[in-house]
Amino acid sequence: MNMTKRLRKTEGFKIVGTRPQRPDGIEKVTGRALYGADLSVPDMLHGAVLRSPHPHARIVSIDASAALEMPGVRAVVTSADFKKQAKFFMQDTLDNCMARDFALYDGHAVAAVAAKTRKQAEEAAAKIRVEYEILPHVTEVEDAMKPDAPILHAGRSYRNIPEGNNANVTNYVEFGHGDVEAGFKDADLIVERSFKTAATHQGYIEPNACVASMGPDGRGELWVTTQGHYMVRDFCAPFLGLEESKLRVTPSEIGGGFGGKTTVFLEPVALALAQKSGKPVKMVMSREEVFRASGPTVSSWTDVKIGMTRDGKITAAQAKLRYQGGAFPCGTIALGAMTAFAAYDLENVQALGWNVMTNRPMQASYRAPGAPMAIYTVESVVDELSQKLGLDPLEVRLKNAAKKGTKSSYGPTFSDIGLVATLEAAKNHPHYRAPLGPNQGRGISCGFWFNFGGNSSVSLHVSPDGTVAVTEGNPDIGGSRASISMMAAEELGIPYDKVRTIVGDTNSIGYSDTTDGSRVTFTVGIATIKAARDAIRVMKGRAAKVWGIDEDAVIWEDGAAKPSGPNAGEFPPMTMEEIARNAFKTGGPIAGHYEANSDGAGVSFGVHLVDVEVDPETGFTKILRYTVFQDAGKAIHPAYVEGQMQGGAVQGIGWALNEEYIYGADGRLQNPGFLDYRIPVASDLPMIDTVILEIPNPGHPYGVRGVGETSIVPPLAAISNAVSRAADVRLCELPMSPPRVLAAIDAKG
Amino acid sequence: MSKIHVTTTVNGDTVEYLCEPTETLLDVLRDRLNLTGAKEGCSTGDCGACSVELDGRLVSSCLVLAAEAGGKTVATVEGMAKGENLHILQEKILEHAALQCGVCTPGILVAAKALLAKNPDPTEEEVRFWLAGNLCRCTGYDKIIRAVLDAAAEMRGA
């Protein structure tokens, strides 16, 4: 009995659920926190990259002789300075960092220079002579799939690609169950629509940056802004031919990532320049480089067909999704096809997906990669069906919602999930009943994300004064050091301010998967709680030793060891402070550690409600009111959970209304800057209201579910549905920029 | 090309530096004066991460030449706290959890301070429009706006 209670805790928390200040807060409000570009080291060089101005070209020759003669120049590197990789994915990632034989998109790195100053490096890079043989290019999904499209690389397609596709089509997936054709026959109404979404960028405010140094003994040091320093090491070491443990990677503070910093761009290049020059090398991307050469999302072209009965039951649902993920094969399409219908309990469902290569930068993850653009299409059609059948769109979703026991559209059967509770919360919220004015519309959408578990390591050290130092291996992108400290304090039964959590480098803590998949509070949380339990076990042993009783006769309560009952002996509680103070006399330093390999992350659902007003004269959409409902399992630090819900919603608002990669007919990116690639600013928005639901995840000791990604999924359809209702015309393409909305209004006559 | 000798005041201290004619105030703050609180997010004046005050006026330091700062006063995020005491805006940003990655925070703080010096009792809309030049990609601005309004109220009361 006691054991069960100990393993799962869903109430009676003292620290979990409160809102303490984050441990890295003071550094961040005083300007002292060090981000990627904030480190300078003695005798450092600066790197600059020469990038292809062509979307597609064969690199005939590279002549760096003039550049090497320039003042201050110490080294030039090209693809020839990196090791050939055996695995496709590794070679593709390397080729994306530095073009090998072919420049595959506008902005593709071709060579790099290290010089005494950044200016010297840039001037020298401009003197590198590259002879290109220009090749035909293609940047749009629909064009790249045409039979006569320019081909990026042949021979990269998986064997299951259906006949009739060209060699740009690399991946094909199918998910679903039942018989959709039979299901459509049972429908009273079928809606079939074709949608497009533009590629967007994660838009982190801190450009990619690093400082690398290398010795002739094969030892390297890398300081870098990244979501995963083990990932950086595991790419860079083989690219440079180093042994993994000889490359120590230290993560800086990270100025936003959202998935965009889950791969490498500059890092191997900086290491190669450091190796060749024998000096430390700092590299920082300009904003233009961030847009042209770091990962945007996929863009998509999707057909959706859904059948519904008069009373709102979905009889069959089918989606054909086509994603372009840039110049290399890309598996994001599978995530799109898996998530498209995940919110529904369907008898007949089919999702088919194709990935196609284009002359664009390699796609990088962006918050729930693949899901927002897929769920946008499905939620738009569900809304249109509800509207045409005169049904309440929220009731229709409740009627078809996935629940415990539902066989999901992507295969597994759901266990405890919170979608129905989340929809009910939206239905009962005053927002759902608030009156709307002229030209105003309300939109709703469900959202879903899998969440991941994986590997993370935690060491927890009890200092001689009884305070606790936690070292973990996951860069903190949204306040996770606070939630980790809270979980350690909760488990140990000590105050929050007695714990300090830091992120260790690759050589000071065990392997940890990248900070992605909404996995940190979940997995590092598990590792922290178990490391704390490990330390408690040691401390109970020390108390038992002092008391001369059996270790099993000691319990841990409120930060102190106590005898388990009168039979164990009469001893006053021995506090953690006392145990720590005497540690060197009772067996040495006290620590706990845990290396998690976790499963059971627990899927997450969200529902967003939005009110908009569309100006019929200009097509401009104003967001009037926005409410996010999301199941957090258990919110460790509710303020940062709200922050994830609000931040994701606003990124989704940008995606829905403004943001897009625009390529010209010349294959060049037209808007590589924040002026023309417009992310939401404060004056675009209202407050973003949040409702946190807590349906405990059985896979976590405190019930935590990841919360970071789900929130970007619903805004696309929620806003599209609101705009469509406000303007009384269905919008099927993102972003819904004013000219596009105005054209739709004009077209309806 | 010879360097320019500049004497200016940064956070109350007289400082001197030599700079290239093309160097920006942001470059000098970060690379010559080791004040890395102001960040370079774009170098085109679109993101506000490099916000500083120049003679009491809010500017993007990436759009100011370092030579222009001669004889003027520069205030950066590093000058906001006095010894152990944080500025009320800094306290409120922490209290409201109005930062996630924190890279925009120095710019937001400098900009908000400049707003409250001009307008101690701003409306929500006035705060939103004043901060429209400071991009934050993490928070959706909600908690930042609340923190600034809360700080304004407390500063008026103090």
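Helices here are DSSP runs of H or I with at least four residues, numbered from the N terminus. With that in hand, welcome to a tour of a predicted model, taken in close-up views.

**View 1. Arg233(A) sits in helix 8 of chain A.** Helix 8 covers residues 229–240, and this arginine is our starting point. Is Arg233(A) buried or exposed? A residue is called buried once 20 or more other C-beta atoms lie within 10 Å of its own. Arg233(A) has 27 other C-beta atoms within 10 Å, so it is buried. Setting aside residues up to four places away in sequence, Arg233(A) touches Glu244(A), Leu247(A), Val249(A) and Thr506(A). Thr506(A) comes from well along the chain: 273 residues separate it from Arg233(A) in sequence, yet their C-alpha atoms are 8.0 Å apart in space.

**View 2. Val113(A) is one of two residues with the most partners in the largest nonpolar core.** This core has 292 residues, and Val113(A) and Val269(A) touch the most other members. Which element gives the most to the core? Helix 17 of chain A, residues 520–547, does so with 13 residues. Chain B takes part as well: domain 1 (4–79) and domain 2 (88–157) of chain B both supply residues, so the core lies between them. In soluble globular proteins, nonpolar side chains tend to be buried together. Look next at the surroundings of Val113(A), leaving aside neighbours within four places in sequence. Its contacts there are Gly47(A), Ala48(A), Ala67(A), Val73(A), Val76(A), Ala121(A), Ala124(A) and Ala125(A).

**View 3. Strand 25 of chain A pairs with a strand on either count: strand 24 and strand 26.** Strand 25 spans residues 621–631, and eight of its eleven residues are buried, so the rest of the structure largely encloses it. Strand 24 (residues 604–614) runs antiparallel to strand 25, and nine bridges join them. One bridge to find is that between Val614(A) and Thr621(A), the latter in strand 25. The hairpin of these two strands has six residues between them, and there Gly619(A) takes a positive phi near 80°.

**View 4. Strand 25, helix 20 and strand 26 of chain A form a right-handed β-α-β unit.** How do strand 25 and strand 26 run, parallel or antiparallel? They are parallel, with six bridges between strand 25 and strand 26 (residues 688–693). To locate the pairing, find Val628(A), whose bridge partner in strand 26 is Thr690(A).

**View 5. Chain A meets chain B through 41 residues of chain A and 42 residues of chain B.** On the side of chain A that touches chain B, helix 2 (25–30) and helix 20 (638–657) are the elements that give two or more residues. Helix 20, already met in the β-α-β unit, provides the largest share of that side, with seven residues. Sorted by class, the side of chain A has 20 nonpolar, 15 polar and six charged residues.

**View 6. Chain B is assigned domain 1 (4–79) and domain 2 (88–157).** The C-alpha centres of these domains lie 21 Å apart. Their contact takes 14 residues from domain 1 and eleven residues from domain 2. Which element supplies the largest share on the side of domain 1? Strand 3 of chain B (residues 51–54) does, with three residues. By class, the residues on this side of domain 1 are seven nonpolar, five polar and two charged.

Notes
Residues numbered from 1 in each chain as written. Chains lettered and ligands numbered in written order. Predicted model: local features only at pLDDT ≥ 70, side-chain atom pairs only at ≥ 80, totals over all residues. Core = buried A, V, L, I, M, F, W, Y, C linked by C-beta atoms within 7 Å. Buried ≥ 20, exposed ≤ 12 C-beta atoms within 10 Å, placed from the backbone. Domains from an automatic or database assignment. Contact = placed C-beta atoms within 7 Å. Nonpolar A, V, L, I, M, F, W, Y, C, P; charged D, E, K, R; others polar. Pairing = 2+ DSSP bridges. Right-handed = clockwise from strand over helix to strand, strands pointing away.
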